[in-house]
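I opened this notebook to record what I looked up in one structure, topic by topic. Each entry states what I sought and what I found.

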Amino acid sequence: MEQIPELMLYDTYQRELRPFKPLEPGKAGLYACGPTVYDYAHIGNLRTYLFGDVLRRVLALNGYQVTHVLCITDVGHLTSDADTGEDKMEKGSRRTSQSAWEIAEFYTRAFQQDLAQLHIQAPTVWARATQHIEEQIAFIAEIERNGFAYRTADGIYFDTQRLERYGHLARLNIAGQQSGHRVDIRDKRSATDFALWKFSGAEQRQMEWDSPWGRGFPGWHIECSAMSTRYLGALFDIHIGGEDHIPVHHTNEIAQHEACHSHPPARYWLHGAFLKLEGGDKMSKSDGGFLRLATVAERGYDPLAYRYLALSAHYRSPLSFSWDALDAAHTALGRLRQACHRLPDGGRPDPAYRQAMLANLNQDLNTPRALALMWELLKSPLPGAVQKATIRWLDQVLGLRLDEWTPPRHAIPEPVQQLAAARDLARSERRWADADATRLAIEAAGFAVRDTAAGTIVEPR
Ligand code: AMP
Ligand code: ZN
């Protein structure tokens with residue numbers, strides 16, 4: 001019997017590769033921190049969701065039924081991660097002179113379109129922070145009952161000093177943090193304490209709610225604690241996000257959860273490395289100079305070329321974006337499509353290649369190795385139909401829609417299309433000499449001819 005290689009995932013919490021063992025056999029609960037919808041996503045953000053998509057597809061390939069919850073942060077994320085500054089949604093509202101609710105709706109839709117263009121599977125549950133205020137208030141109330149919350153002039157704060165293991169995920173040096181950081185909120189007890197609920201105070205806000213502590217809005221981290229518990233339970237399998245979430249957002253999510261359940265919410269924590277700009281510059285939403293998927297498409301690239309580029313790097317390795325790198329991905333994707341299109345149907349995946357590809361995907365999602373094996377397969381002496389079936393199988397994870405691709409029609413000039421039609425007619429009437437003559441004419445015009453059951457297919461050479 002074929003040995004299925006075990007799925008190993010790198011868990012940031014334990015800092016090691018661990019075999020994936022689900023809480024419930026055959027099922028996997030996956031929670032992903034989503035975008036703050038005050039602006040478009042940039043292609044760096046999208047790299048993180050591509051990583052989540054690969055994880056989800058690899059889980060499915062291993063036979064797991066995945067419940068994937070993706071949150072939409074539409075309130076409470078302040079311009080500074082230290083609980084100061086303005087709510088990004090309210091700020092976005094002033095920038096666009098639309099209401100905070102309108103921009104949340106607008107950018108959520110834009111985000112969903114970006115995901116679809118990249119063939120990222122839609123989550124099982126879209127969880128919006130503003131639609132779960134009650135759950136967040138209940139969560140804060142429990143933290144307070146357990147003695148981990150205190151009141152300041154501007155909100156309800158989490159008392160991080162009461163948790164022995166605070167900061168374990170990030171291996172935070174708490175002593176160093178406390179002395180090195182300015183405490184920028186008046187009457188906050190220590191630098192690492194964070195807001196659970198902020199009071200509206202004198203500030204004019206569009207998004208605010210009543211709570212047992214006063215009118216205001218939730219802190220940024222509580223939404224994920226409340227929504228992951230609601231949809232996946234108090235303990236679930238995998239929590240993911242970008243690597244920037246390790247020191248603050250996920251650290252604080254864990255603290256909130258520990259205060260109520262005495263354990264972190266998830267059993268595996270996976271983090272995707274950042275996309276950088278060539279030269280090492282950061283790509284950031286708030287700086288304005290960021291690159292959107294729409295810009296990539298406007299420059300004539302298929303969005304799936306960006307997907308290919310992301311797959312060509314391991315999710316835990318930094319990736320530098322450059323137009324040259326995208327060009328190379330675009331060319332590779334084109335070659336792959338052509339190859340797949342030309343190869344005959346009717347084969348079965350090659351067991352050895354399938355095994356090797358799965359082994360690499362199961363080794364912490366090694367997509368670059370899986371891609372390398374695919375190119376090796378295309379050069380192998382295996383029958384074309386076997387190659388095609390194997391690549392199709394792998395595309396369940398790559399998600400490059402290789403099966404759906406056909407050469408663009410406009411690439412074939414009208415006279416050549418007419419020659420192809422004439423050739424089909426000649427063949428159906430068994431006029432072989434005429435059929436051969438049209439083939440030569442098509443080839444002389446620089447195109448290749450392929451005979452299929454459905455008729456003549458003409459392709460650029
Ligand atoms: P935000 O909308 O700023 O809350 O970020 C949404 C997601 O994108 C988070 O999971 C971040 O970790 C991730 N992210 C932000 N910048 C980058 C980047 N340059 N490369 C990869 N992921 C990023
Ligand atoms: Zn989160």
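The entries below go from the metal site to the strands, the helices, the cores and the backbone angles.

**Entry 1. Status of the model.** I note at the outset that this is a predicted model.

**Entry 2. The zinc site.** Which residues coordinate the zinc ion (ligand 2)? I found Cys-33 through SG, Cys-224 through SG and His-249 through NE2, at 2.0 to 2.2 Å. I wrote the sequence spacing of these donor residues as C-x190-C-x24-H. I then located the two cysteines: Cys-33 is in the loop between β3 (27–32) and α1, and Cys-224 is in helix α6 (residues 222–232), so the pair ties together parts that are 191 residues apart in sequence. Are these cysteines buried or exposed? Cys-33 has 5% relative accessibility and counts as buried. Cys-224 is buried as well, its relative accessible area being 0%.

**Entry 3. Helix α6.** I looked next at the helix that carries Cys-224. Eight of the eleven residues of α6 are buried, which leaves the helix mostly covered. Among the buried residues I listed Ile-222, Glu-223, Met-227 and Leu-232. Gly-233, just after α6, takes a positive phi of about 95°.

**Entry 4. Strand β3 and its partners.** I turned to the strand that precedes the loop of Cys-33. Five of the six residues of β3 are buried, so the strand is largely enclosed by the rest of the structure. Which strands pair with β3? Strand β4 (residues 65–72) runs parallel to β3 and is joined to it by six bridges. Within this pairing, Leu-30 has His-68 of β4 as its bridge partner. Strand β10 (residues 236–242) is also parallel to β3, with three bridges between them. Here I recorded Ile-240 of β10 as the bridge partner of Ala-32. I also checked the connection through α1: β3, α1 and β4 make a right-handed β-α-β unit.

**Entry 5. The four-stranded sheet.** In what order do the strands of the open sheet of four stand? I read the order as β6-β7-β8-β9, with antiparallel pairing. The edges are β6 (149–151) and β9 (216–218); each has a single partner strand, so one side of each is left without a neighbour in the sheet. Direction ignored, neighbouring strands of this sheet are turned by 25° against each other on average. I examined one pair further: strand β8 (residues 194–199) and β9 share three bridges in the antiparallel sense. In that pair, Lys-198 has Phe-217 of β9 as its bridge partner.

**Entry 6. Helices on that sheet.** I then asked which helices pack here. Helix α4 (residues 133–145) lies across β6, β7 (155–158), β8 and β9, and runs at about 120° to β8. Helix α7 (residues 246–261) packs on the sheet and touches β7 and β8, its direction making about 85° with that of β8.

**Entry 7. Nonpolar cores.** How many residues does the largest nonpolar core have? I noted 123 residues, and Ile-238 and Tyr-306 have the most contacts inside this core. Helix α1 (residues 43–61) supplies nine residues, the largest share of the core. Leaving aside neighbours within four places in sequence, I traced the contacts of Tyr-306, which include Ile-43, Leu-46, Leu-50, Leu-118, Leu-275 and Phe-321. I also logged a second, separate core of seven residues, including Ile-412, Val-416, Val-449 and Val-458.

**Entry 8. The β1–β2 hairpin.** Strand β1 (residues 8–11) and strand β2 (residues 16–19) pair in the antiparallel sense over four bridges. Tyr-10 has Leu-17 of β2 as its bridge partner. Four residues lie between the strands of this hairpin, in which Arg-15 takes a positive phi near 55°.

**Entry 9. Further positive phi values.** I kept the following reminder for this entry: most residues other than glycine have a negative phi. Ser-262, which is not a glycine, has a positive phi of about 60°. I placed Ser-262 in the loop between α7 and β11 (266–272). Ser-262 counts as exposed, at 63% relative accessibility. Arg-401 also has a positive phi, near 55°. I found Arg-401 in the loop between α13 (384–398) and α14 (414–428). Its relative accessibility of 30% makes Arg-401 partly exposed.

Methods. Residues numbered from 1 in each chain as written. Chains lettered and ligands numbered in written order. Predicted model: local features only at pLDDT ≥ 70, side-chain atom pairs only at ≥ 80, totals over all residues. Heavy atoms only, no water. Core = buried A, V, L, I, M, F, W, Y, C linked by side-chain atoms within 4.5 Å. Buried < 20%, exposed > 50% of the residue type's maximum accessible area, 1.4 Å probe, protein only. Contact = heavy atoms within 4.5 Å. Donors = N, O, S within 2.8 Å, 3.2 Å for Na, K, Ca; no water. Pairing = 2+ DSSP bridges. Axes fitted to C-alpha atoms, helices over the stretch in contact; angles between N-to-C directions. Right-handed = clockwise from strand over helix to strand, strands pointing away.
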